[in-house]
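Me: I'm new to reading protein models, and I'd like to go through one with you. Could you take my questions one by one?

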Amino acid sequence: MCRKLSGAPVLVWGVVKAPYFRLVKGTPTEYASSENGIRGFCPTCGSQLFYRNKVSDDIEINLGTLDNPELVEPKVHVFTDNQLSWFQLSDSLPRYQDNVIPDPEYRSGNSQ
């Protein structure tokens, strides 16, 4: 779904728990994209800003929409079973076929 939503071969997310997330400017338009998820969009340009998982209380932030995305360092790659054959990643980060990451620190918002 991320590839179709973004129109790009990958989409880079940062995950935090909802209590640690705040918008510093503007009010997003929200859309309930599923029973468990709400997506926030910029009401001016339509860019997807975040996905809020109502079950886990995670907020997945589209890092490309941040003012300084370079400040957030990737930790893992997920959904690699859906990776396009012509798109190759050259880093040594851990890869997971789906969105289940064994180390809970990666999903807790506590990893540095």
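Reply: Sure, and let's settle some words before anything else: a residue is buried under 20% relative accessible area, exposed over 50%, and partly exposed in between. By that rule cysteine 45, at 55% relative accessibility, counts as exposed. Keep in mind that what you're looking at is a predicted model.

Me: Got it. What pattern of helices and strands does the chain follow along the sequence?

Reply: Start with the ingredients: there are 2 helices and 5 strands. Now read along the sequence and put them in order, and you get α-β-β-β-β-β-α.

Me: And what share of the residues in the chain is buried?

Reply: The chain has 112 residues to sort. Its accessible surface comes to about 8000 Å², and 52% of that belongs to carbon and sulfur atoms. As for the buried residues, they make up 22%.

Me: Let's do charges. Which residue forms a salt bridge with lysine 17?

Reply: The structure holds 3 salt bridges, so we can go through them. For a pair to count, a side-chain nitrogen of Lys or Arg has to sit within 4 Å of a carboxyl oxygen of Asp or Glu. The closest N and O atoms of the lysine 17 pair are 2.9 Å apart, and the partner is aspartate 58.

Me: How many residues apart in sequence are the parts that this pair ties together?

Reply: Look at where the two partners sit. Aspartate 58 belongs to strand 5 (residues 58-62) and lysine 17 to strand 1 (residues 13-17), so the bridge ties together parts whose separation in sequence is 41 residues.

Me: Is aspartate 58 buried or exposed?

Reply: Take its partner as a warm-up: lysine 17 has 23% relative accessibility, so it counts as partly exposed. Aspartate 58 has 3%, and the cut-off to compare it with is 20%. That makes aspartate 58 buried.

Me: Which residue meets arginine 52 in a salt bridge?

Reply: Here the N to O distance is 3.3 Å, and the partner is glutamate 30. The pair links distant parts of the chain, 22 residues apart, with arginine 52 in strand 4 (residues 48-53) and its partner in strand 2 (residues 29-32). Arginine 52 is partly exposed at 25%, and at 43% so is its partner, glutamate 30.

Me: What about aspartate 91, which residue does its side chain meet in a salt bridge?

Reply: The N to O distance in this pair is 3.3 Å. Aspartate 91 is partly exposed, at 35% relative accessibility. The partner is partly exposed too, at 34%, and its name is arginine 95.

Me: Back to strand 4. The backbone nitrogen of which residue lies 3.1 Å from a polar side-chain atom of asparagine 53?

Reply: Asparagine 53 is found in strand 4, and with a relative accessible area of 17% it is buried. Leaving aside neighbours within four places in sequence, it is in contact with Asn36 and Asp58. The backbone nitrogen you're after belongs to serine 56.

Me: How far apart in space are glutamine 48 and glutamate 30, C-alpha to C-alpha?

Reply: Glutamine 48 lies in strand 4 and is buried, at 6%. In sequence, glutamine 48 and glutamate 30 are 18 residues apart. In space, C-alpha to C-alpha, the distance is 9.5 Å.

Me: How many disulfides does a search of the whole structure find?

Reply: Check cysteine 42 and cysteine 45. Their sulfurs are 3.7 Å apart, too far for a bond, since a disulfide needs them within 2.5 Å. Across the whole structure, the number of disulfides found is 0.

Me: Which residues make the nonpolar surface patch?

Reply: One of them is leucine 71, in the loop between strand 5 and helix 2 (104-107). With a relative accessible area of 71%, leucine 71 is exposed. The patch covers about 270 Å², and its makers are Leu66, Leu71 and Val72.

Me: Last one. Phi of aspartate 57 is near what value?

Reply: Most residues other than glycine have a negative phi. Aspartate 57, in the loop between strand 4 and strand 5, has a positive one. Phenylalanine 79 is not a glycine either, and its phi is positive at about 55°. For aspartate 57, phi is near 65°.

Key:
Residues are numbered from 1 along each chain as its sequence is written. This is a predicted model: local features need pLDDT of at least 70, side-chain atom pairs count only at pLDDT 80 or more; totals for chains, interfaces and linings use all residues. Side-chain values use heavy atoms; hydrogens and water are left out. Helices (H or I, at least four residues) and strands (E, at least two) are DSSP runs, numbered from the N terminus. Buried means under 20% relative accessible area, exposed over 50%, partly exposed in between (1.4 Å probe, protein chains only). Accessible areas come from the Shrake-Rupley method with a 1.4 Å probe; for residues, only the protein chains shown count as cover. A polar contact is a pair of N or O atoms within 3.5 Å; within protein, one must be able to donate a hydrogen and the other to accept it, and residues adjacent in sequence count only if both atoms are side-chain atoms. Contact means heavy atoms within 4.5 Å. Patches are made of residues with over 30% relative accessible area and no salt bridge: like charges are joined within 9 Å, nonpolar side chains (Val, Leu, Ile, Met, Phe, Trp, Tyr) within 5 Å.
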